[in-house]
Structure formats: C-alpha cells, structure tokens
Amino acid sequence: MPEAPLASADFDRDVHCILGLPFDRVSVEQAADQLRVAARDGRRCFFSTPNLNFAIACMDDPAFRNSVIQSDLSIADGMPLIWIAKVLGIPLHERVAGSSLFQALRLADARRPVARLERPLKVYFFGGPPGVAEAASIRLNAEQSRMRCVGFNSPGFGSVAQMSDAKSIEHINRSGADFLVVALGAKKGQEWIKYNLPALQVPLVSHLGAVINFVAGTVSRAPGWLQKCGLEWVWRIKEEPKLWRRYWDDGAALLQLLATRVVPAMLARRKRPAKPEFDRAALAVRDEGDRIVLALSGAWGGENIDRLRPALKQLAASPAILVCIDLDGTDFVDSAVLALLMLLQGDCVAKARSLQLANSSPALRRLLRWHCADYLIEPAGHAA
C-alpha cells in the first residue's frame, strides 16, 4: 500500500499562539475553502480543532500537543480561546467550531465558487457509539447537500493499534473518501490519526468527536445565540449530562490560567516595543554541519515576521541533526513568532531532530511562560 508523506511545516501560515498552541487566523468560510482546495487537488490536510479542553490537556501531554502542532490547519474551537486572544491583542476574532466547519462543507453556498467541488464531498465516518456512524451515514445520504457518506466503521473499544488493523485502513482507502471524520475521544482520536496518517489515502482527515452525533441526530447542537455568547457548554451538559465533570475541571483550570498566565501576559502588552525596535532587529543563519543556528536579536513580531519566515524554511530544509535558535540579545517575541517556532518544533520532532532555544533572557523566559510556550525552552525530544 503506498504511503502518503507527511507535509512539511508551512511557515507562510498566519498563525498565533494561544495557551501554548498554534492557531490559524481564518474564518469558517476561509477554512472551508482551504479544505475544498485540498479535496479537489487530492492534497493531504490533517486539521485539528483545539478547544479549551484540548489546550489544557496538551500542557501535560507532549504527544497530544505535537498532534496539534503538526496539523496542517489548527482552528480555535472554543469561545474562551477567542476571549483570551482579545485581551492579549491577538488577531483571532472568530470561533471556528469543527461542527460549524463541517456544516459549511455540507451546505456549500453555490454563490461561493472558490474551490467548490463539481461533485459532492465524499465522507467516511470512523468511530462514535455503536450504530451512530451508520445512522449518520443514512441521514446524510437522505438529504440534499454537498456531501454524501461512502463508508463508516464503529470499531468499538480498544487500543489505537487494535483499531488500526489493515482491513479497516483498506476499507477507508477503497471507499474513495475525500474526508475522514474520526470520533474516538480527543486524545485517542488524535493519536489514531497520527498513527495511521502515512497509510491513509484520504485528503482531509480530522477528529470531530461530536459531529457524528450531530449528523445522526442523537445529540442536538446548541442554538446559534448560545454558541455566539459562549454558553454552548450549558446546552452540551443538558444533552450529555456526563460532560459536567469535564466542564467543571476545565473551568477551574481556566481560572488558574487566567491568574498565572493570561493576566501577566495582558499586563506585559504595555511594554510592547515601538516599531523602530522591530526595524532594527537582526538575524543570521550559520550552517555548522551537524548543527544549524539561527541567531536572533532585537524585537520580533508581526511587524517584521516576513523577514523571519525564509530563515525558518532554511532551518527546516537543513539536514542538520540539531536546530538551534540563539536568542542572545532578543528581548521580545509576540504570539505570531511563538506560533512559527512551534511549527518548527513540530517539524523537527517529525524528522527526529532536536530543536534548542538557547541564551534566552529571564524576561523572555517569563514571556514564554505567560503564553504557555515555555516547553519550547525544554528539549523537544525525538518522538513523532
């Protein structure tokens, strides 16, 4: 079976760091257009939909975090993330829920010709409670939409390896699906995707846990006004009472993050350098054989980030075993630069290389901590 190579990190993405994860600055329709292009061209797009629960869980689980960092598209599926972005001055203004994105693809607007497929998008459902994927398939195919289901599988319970047998993967690939929707629980779903991605021949792949339930009609989604005001979680608890514990724990963790990370980061915004300091920033790349070094100095952010992108591409393309970012003399980095450094880390981990951020000042370390990105200072490891 031919294996599809994992895409290299795309350092041209407009990404920003929120609570230690990179998020693409896209609207629902912009994200949908990207997915339509990928489906039309048969190009791999593994996209993740982190919400607050994702972000909290990623802080203590590097493998889970890497699954988000190594995604081709990462969208902010949670109003708390958008609120945090607002108070930190990060230009992410719209929640892009995975279920909203699925609906945008399902009910494609004929007035939006961008990357529109000439045929319906072919979907495969993998996971969900017993019988729900089949019900979702029947219901989706009974309606008039820009989607049709070409296969489903409810593997039940088991390890990722047990749910990754050759017969299951072959069934997915032979279905001719454009879009594989996985629903196994966030951590297991992301792990299953990363485990099987090289063997999968489906262009679009994502874990969208609630989507199968929504399509099947076993769970109803909150009204639009509840979604917009950030109270969808109340509706979810009404529909699935067992979720109350998760939302309680997430709320408690959020309060702690606000006090120890978000508020200090918000106060630090007052000290953002003036534009001339970004103009004076300098960089240099040194290829030392087994090590390649990017030396940065001054302030780096949205004002001069386009100067940084080619250097990061050069580092990612290098065969050097060790990639080093020398931060001696660097006094500021913003959320956009942090997000690109995360993409570089994900690229290094996927290629079994090490990324090292060296000579960071105490002030810069504090800034990384407030953005929950202090893990970049630690050894990245080699596990993909």
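1. Helix α12, which spans residues 244-268, gives the most to the nonpolar surface patch, contributing 3 residues. The patch is made by Val87, Val263, Met266 and Leu267, and its area comes to about 270 Å². The model under discussion is a predicted one, and the points below should be read with that in mind.

2. Of the residues in this patch, Met266 may be taken as an example: Met266 is found in helix α12, and its relative accessible area of 32% makes it partly exposed. Because patch residues need over 30% relative accessible area, the value of 32% for Met266 satisfies that cut-off.

3. Turning to charged side chains, the count of salt bridges in the model comes to 19. One of the pairs is formed by Arg40 and Asp41, whose side chains meet with an N to O distance of 2.9 Å. Arg40 is partly exposed, with a relative accessible area of 47%, and Asp41 likewise counts as partly exposed at 47% relative accessibility.

4. A salt bridge also joins the side chains of Arg119 and Asp178, with 2.7 Å from N to O. Arg119 lies in the loop between α5 (98-106) and β5 (121-127), while Asp178 lies in the loop between α7 (166-174) and β7 (179-183), so the pair ties together parts that are 59 residues apart in sequence. As for the surroundings of the two partners, Arg119 is partly exposed, with a relative accessible area of 35%, whereas Asp178 is buried, with a relative accessible area of 5%. The assignment for Asp178 follows because buried means under 20% relative accessible area, and the value for Asp178 is 5%.

5. Within helix α7, Glu170 and Arg174 lie 4 residues apart, which is about one turn of the helix. These two residues form a salt bridge in which the closest N and O atoms are 3.7 Å apart; the pair is therefore counted under a rule that accepts a nitrogen within 4 Å of a carboxyl oxygen. Glu170 counts as partly exposed at 37% relative accessibility, whereas Arg174, at 69%, counts as exposed.

6. A further point concerns shared partners: Glu29, Asp33 and Arg36 are joined into one network by salt bridges that have partners in common.

Key. Residues are numbered from 1 along each chain as its sequence is written. This is a predicted model: local features need pLDDT of at least 70, side-chain atom pairs count only at pLDDT 80 or more; totals for chains, interfaces and linings use all residues. Side-chain values use heavy atoms; hydrogens and water are left out. Patches are made of residues with over 30% relative accessible area and no salt bridge: like charges are joined within 9 Å, nonpolar side chains (Val, Leu, Ile, Met, Phe, Trp, Tyr) within 5 Å. Accessible areas come from the Shrake-Rupley method with a 1.4 Å probe; for residues, only the protein chains shown count as cover. Helices (H or I, at least four residues) and strands (E, at least two) are DSSP runs, numbered from the N terminus. Buried means under 20% relative accessible area, exposed over 50%, partly exposed in between (1.4 Å probe, protein chains only).
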